[in-house]
Amino acid sequence: MSTHVFRSHKTKVLSTKKRRLNPRIFELLCSGVSQRRVAKLLKISRTTVVRKFLFLAHCSRIRNQKNFDQLEPLTEIQFDDLETIEHTKCKPLSVTMIVNRADRQIIDFCVSRMPAKGLIAEISRKKYGHRPDERGPAREELFKNISSKIATNAIIHSDENPHYPPSISKWFPQATHKAHKGKRGCVAGQGELKKIGFDPLFSLNHTYAMLRANINRLIRKTWCTTKDPKRLKDHIDLYVDFHNHQII
């Protein structure tokens with residue numbers, strides 16, 4: 001897996017105390033449970049949970065990289081952006097994720113900052129100043145990293161975002177890009193699953209719905225918000241490992 005906009009802090013990755021708790025903490029953090037609730041359920045301190053979380057995320061990155069290195073060329077993928085927040089809706093974040101259409105395996109992802117939109121855009125600028133849009137550079141780095149794993153004649157699915165075609169043409173010049181019109185979300189799946197009979201981006205949208213259901217900080221209505229984008233990347237690294245090896 002590539003190193004994207006947000007790099008994890010250099011922390012000690014040794015976590016040898018209470019190793020028996022590692023598998024349980026891994027499962028809980030990938031099942032919609034907050035760090036505070038993990039500490040309460042397992043009767044350990046929140047500091048211990050944080051240290052275990054960083055250690056497990058480091059281990060997951062290693063396993064994800066090995067899984068990525070062993071991939072055969074992919075013939076059909078889907079990608080899009082998932083939006084979340086950094087502490088407040090005035091500081092949105094974007095998660096760009098690439099999924100194998102055949103089996104919903106998560107191939108790679110990146111996390112990037114973006115400016116607020118709509119009615120809160122002016123409020124965001126007044127409170128926090130100019131917020132750079134890092135989605136473009138992050139997407140370029142993401143595509144560069146996976147370019148060696150995409151078959152020459154691959155089919156790439158996305159929505160009709162006008163910023164996607166130039167990047168796809170640059171990194172996958174012989175691939176076929178199929179842009180699908182966005183549809184209204186249904187109640188189930190927190191808006192990620194679509195209210196239509198057939199969803200051409202189902203593999204991706206279903207995976208995003210699972211992320212929102214199983215990563216507490218991504219649930220649409222929650223009080224567990226991301227305070228540091230680096231920690232969001234750590235948590236998604238953890239979930240990618242869980243998703244690819246224990247769910248699909």
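Modeller: Before we discuss this predicted model, let us fix one term: two residues are in contact when heavy atoms of theirs lie within 4.5 Å.

Colleague: With that cut-off, what covers the buried residues of helix H7?

Modeller: The cover of the buried residues of H7 includes helices H1 and H8, together with strand E1 (74–86), strand E2 (88–100) and strand E3.

Colleague: What makes you call H7, residues 202–214, mostly covered?

Modeller: A residue counts as buried when its relative accessible area is under 20%, and 10 of the 13 residues of H7 are buried, among them Leu204, Tyr208, Met210 and Arg212.

Colleague: How do you know that the length of helix H3 agrees with its number of residues?

Modeller: The expected span is 1.5 Å times one less than the number of residues; for the 24 residues of H3 (residues 46–69) this gives 34 Å, and because the end C-alpha atoms are 35 Å apart, the two values agree.

Colleague: Which residues of H3 are buried, and against what do they pack?

Modeller: The buried residues of H3 include Val49, Phe53, Leu56 and Phe68, and also Lys52 and Asn64; as a group, the buried residues of H3 pack against helix H1 (22–29), helix H2 (35–42), strand E3 (106–113), helix H5 (135–146) and helix H8 (229–247).

Colleague: What share of the whole chain is buried?

Modeller: Of the 248 residues in the chain, 48% are buried, while the accessible surface comes to about 13,100 Å², with 53% of that area belonging to carbon and sulfur atoms.

Methods
Residues numbered from 1 in each chain as written. Predicted model: local features only at pLDDT ≥ 70, side-chain atom pairs only at ≥ 80, totals over all residues. Heavy atoms only, no water. Buried < 20%, exposed > 50% of the residue type's maximum accessible area, 1.4 Å probe, protein only. Areas by Shrake-Rupley, 256 points an atom, 1.4 Å probe, with all protein chains shown as cover. Helix = DSSP H or I, 4+ residues; strand = E, 2+ residues; numbered from the N terminus.
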